[in-house]
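Okay, hi everyone, thanks for making room for me today. Let me put the structure up, and then I'll walk you through it.

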Amino acid sequence: MVEIIDSQTLSQESQTFISSAPSLHKLYKETLLNDVVPFWVKNSPDRTNGGYFTCLDTQGKVFDTDKFIWLQAREVWMFSKLYNSSISSEVTAETREKWLEMATLGAQFLNKHGYDHEGNWYFSVTKEGVPIIQPYNIFSDCFAAMAFAQYGKASGEKWALDVAKKAFLNVGRRKQNPKGHYNKGFPGTRPYGSLAVPMIDINLCSEMKEAFPEMDVEERIDENLKVVLEKFLDKEKGYFRENVTINENEKVSDDTFEGRLVNPGHTIECIWFIMEAAKKKGDADLIKLMGERLIKTLEFGWDKEHGGIFYFLDRLGKPTQQLEWDQKLWWVHLETLVALAIAFRETKNPIFAEWYNKVHKYSWERFSDPENGEWFG
């Protein structure tokens, strides 16, 4: 049971972790500003066609020129977020303007080449912006909405805010059938829903609320929370299933790969989205519940022999369909650090400090590239 600890009764471990916070803050901030962001400013811009190259080797050399819309949008979001954040007051005016220029490079490319005549965002385009893969799911739309919401705030461009709103409404329209006519499943046979959809929509709604304070997103957040907690939360095991049936009277089958699949990184990312939503709602019980699920997921997903968090697992310990199941990915570990930091902030429970230190140590030993800069994937 994860308890919320009163600040007057903090354990020695919690007090030690709190005292280390300034040095951790300094480490991550300096790495972001002096290492990670400069790597992308130097190597990713496509000055000929607009947008960014995102497939870069350790030297920053481009090894694939195709442009994945969700990655283009994430980079627009990153530079816009940096420009809009309080951290921008700690850098030079030249650096701040460079961030806005980088965001504009991607935003203009996406607005010109990123979506079809119906406003659905492609999955990928060529370096010149010619569509390659159709808009077969809504995650490009999700990240486009976030990107243009932040960019509109940074640039003051009304057209960018309009693009954000249209993409957001498009996600709401499509999320019950995300792939639409691109769905290759046979109608009516094992109709699965993915955790990724309500999970990312919780985060998307929070992002849109920040950009558009007048926007009413609370009902949509509550609907997503209900779906995640009632349908995807595996009450027996304590973590989230990746796929569940969308038929009301049909149980999830443990006889299939899809029904047993667990993605620890997705679960942990979802947990911190929910924690942040719960904090805004003042729901301490939901924060505690998510803290418990976070620990359950880490206990299940941690590689006890080599360390690190597995990419995919089977809830019953059977083989997964994903051959890359035992890879250790940087984003999973950084999402975990975010989740653990939030969980400790809200509960002051030392178990989160213990896990933070473990994941932090593994991440810096394995992913950081001190020779070339940035981190390995």
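So, let's start at the surface. The protein exposes about 18,600 Å², and 53% of that is supplied by carbon and sulfur atoms. Keep in mind that this is a predicted model.

Now, what about the charges? There are 46 positive and 56 negative ones, and their mean positions sit 1 Å apart.

Moving inwards: of the 377 residues, 51% count as buried.

On to the fold itself. What does the secondary structure come to? Twelve helices and nine strands. The radius of gyration is 21 Å, and the globule rule also gives 21 Å for 377 residues, so the protein is as compact as a globular protein of that length. If you'd rather think in box dimensions, the C-alpha trace spans about 55 × 55 × 45 Å along its principal axes.

And how is the chain wired together? Take the contacts between residues at least 6 apart in sequence: 63% of them join residues at least 24 apart.

Last topic, the cysteines. How many disulfides does the count come to? Zero, going by a cut-off of 2.5 Å between cysteine sulfur atoms. Cys142 is a good one to click on: its nearest cysteine sulfur belongs to Cys205 and is 9.3 Å away, so Cys142 is in no disulfide by that cut-off. Is Cys142 buried or exposed? Buried, with a relative accessible area of 0%. Cys55 is buried too, with a relative accessible area of 15%, which falls under the 20% cut-off for that label.

That's my tour, so over to you for questions.

Key. Residues are numbered from 1 along each chain as its sequence is written. This is a predicted model: local features need pLDDT of at least 70, side-chain atom pairs count only at pLDDT 80 or more; totals for chains, interfaces and linings use all residues. Side-chain values use heavy atoms; hydrogens and water are left out. Helices (H or I, at least four residues) and strands (E, at least two) are DSSP runs, numbered from the N terminus. The radius of gyration is taken over C-alpha atoms; the globule rule is 2.2 Å times the number of residues to the power 0.38. Buried means under 20% relative accessible area, exposed over 50%, partly exposed in between (1.4 Å probe, protein chains only). Contact means heavy atoms within 4.5 Å. Accessible areas come from the Shrake-Rupley method with a 1.4 Å probe; for residues, only the protein chains shown count as cover. Lys and Arg count as positive and Asp and Glu as negative; His and the chain ends are not counted. The place of a charge is taken as NZ of Lys, CZ of Arg, CG of Asp or CD of Glu.
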